[in-house]
Amino acid sequence: MPDTFLVLQMLVLLAVIGAFAGVLAGLLGVGGGIVLVPAFFYAFQVLGYDGPGLMQMCLATSLATIIVTSVRSVHGHNKKGAVDWQILRTWAPGIVIGAIVGMLVVAQLRTTTLQAIFGVLALSVGLYMGFGRKDWRLGAAMPTGLGRAALSPGMGFLSVLMGIGGGSFGVPLMSLFAVPIHRAVATAAGFGVLIAVPAVIGFLLVDMSGPVPPFTVGAVNLIAFFVIIAMTLITAPWGVKLAHAMDPGPLKRVFAVFLVFVALNMLRKAVFG
């Protein structure tokens, strides 16, 4: 049986993480994974689970929560007619293939390598959030043919390497190809389902090395999964209310700075330990 005090510590830490992630998701439209992965990493490190597979578990558990949050988001957006099902259907095969390849790659890598990858990609997302402009365009419509064949698996692959859903890469990509922002956000939630489901199925079968927290199946920690889902259900509506009561633009830039610091710290740990 797991140590009761340790489980209580986990529950408290994870509840705080889930509350923070839920508010941010509602307030800024930021996908939970980009907050959850580093938060899981530091929390489980504090609890003494700093093994070679720590980042695998953080990525896998983050993606498991994204299945639930993305399905809820797609359902809500679809009731408002905001999901572009044409984009979702045509991009789905490539995204799923990329997600599966990403899971297989993550399963072979260890914490320091995955930290470095997360740091580089999170730094890119943070800089885009901080300096990207709404009027930037790469084209007047989403790519088809070879362009889609290259970009769709790339999105799935990179998202799994970061443990995130479709928002951090999908929304900027669709915005760059002139998809209206509300439609891009709604459709990216569908990307999140396509990314997370095949990846999590694979992660449930991964044989983890080193110490893992109690109630971990494969690379997915079930305590973290259930606590995060419960807390985000409570706090995400608070973030939505805050977003309607104030201008989230400046807060988004503050979060971009925060994300850059988190990314740089991940890179520092990967290089110097």
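This passage walks through the overall build of a predicted model, then turns to one of its pockets and to a single threonine.

The protein chain holds ten helices and two strands. Read from the N terminus, the order of elements is α-α-α-α-α-α-α-α-β-β-α-α, with the strands placed between the eighth helix and the final two. Along the principal axes, the C-alpha atoms fill a box of roughly 55 × 45 × 35 Å. The radius of gyration is 18 Å, which agrees with the value near 19 Å for a compact globule because the chain has 273 residues. Of these 273 residues, 50% are buried. Among contacts with a separation of 6 or more, 82% join residues 24 or more positions apart.

A useful place to look next is the second largest pocket, which has a volume of about 180 Å³. Its lining consists of Leu138, Leu151, Gly154, Met155, Leu158, Phe169, Pro172, Leu173 and Leu176. At least two of the lining residues come from α6 (145–162), and at least two from α7 (167–176). In terms of class, eight residues of this lining are nonpolar and one is polar, while charged residues are absent.

The strands offer a smaller-scale view. Thr216 belongs to strand β1, which covers residues 216–217. The Thr216 side chain reaches the backbone oxygen of Pro213 at 2.7 Å. Leaving aside residues up to four places away in sequence, Thr216 touches Met57 and Asn221.

Key: Residues numbered from 1 in each chain as written. Predicted model: local features only at pLDDT ≥ 70, side-chain atom pairs only at ≥ 80, totals over all residues. Heavy atoms only, no water. 1 Å grid on protein atoms, 1.4 Å probe; cavity = no way out; pocket = protein on both sides within 12 Å on 5 of 7 lines; lining within 4 Å. Points joined across faces, edges and corners; volume = space filled by probe spheres on them. Helix = DSSP H or I, 4+ residues; strand = E, 2+ residues; numbered from the N terminus. Nonpolar A, V, L, I, M, F, W, Y, C, P; charged D, E, K, R; others polar. Polar contact = N/O pair within 3.5 Å; in protein donor to acceptor, adjacent residues only side chain to side chain. Contact = heavy atoms within 4.5 Å. Rg over C-alpha atoms; globule rule 2.2 N^0.38 Å. Buried < 20%, exposed > 50% of the residue type's maximum accessible area, 1.4 Å probe, protein only.
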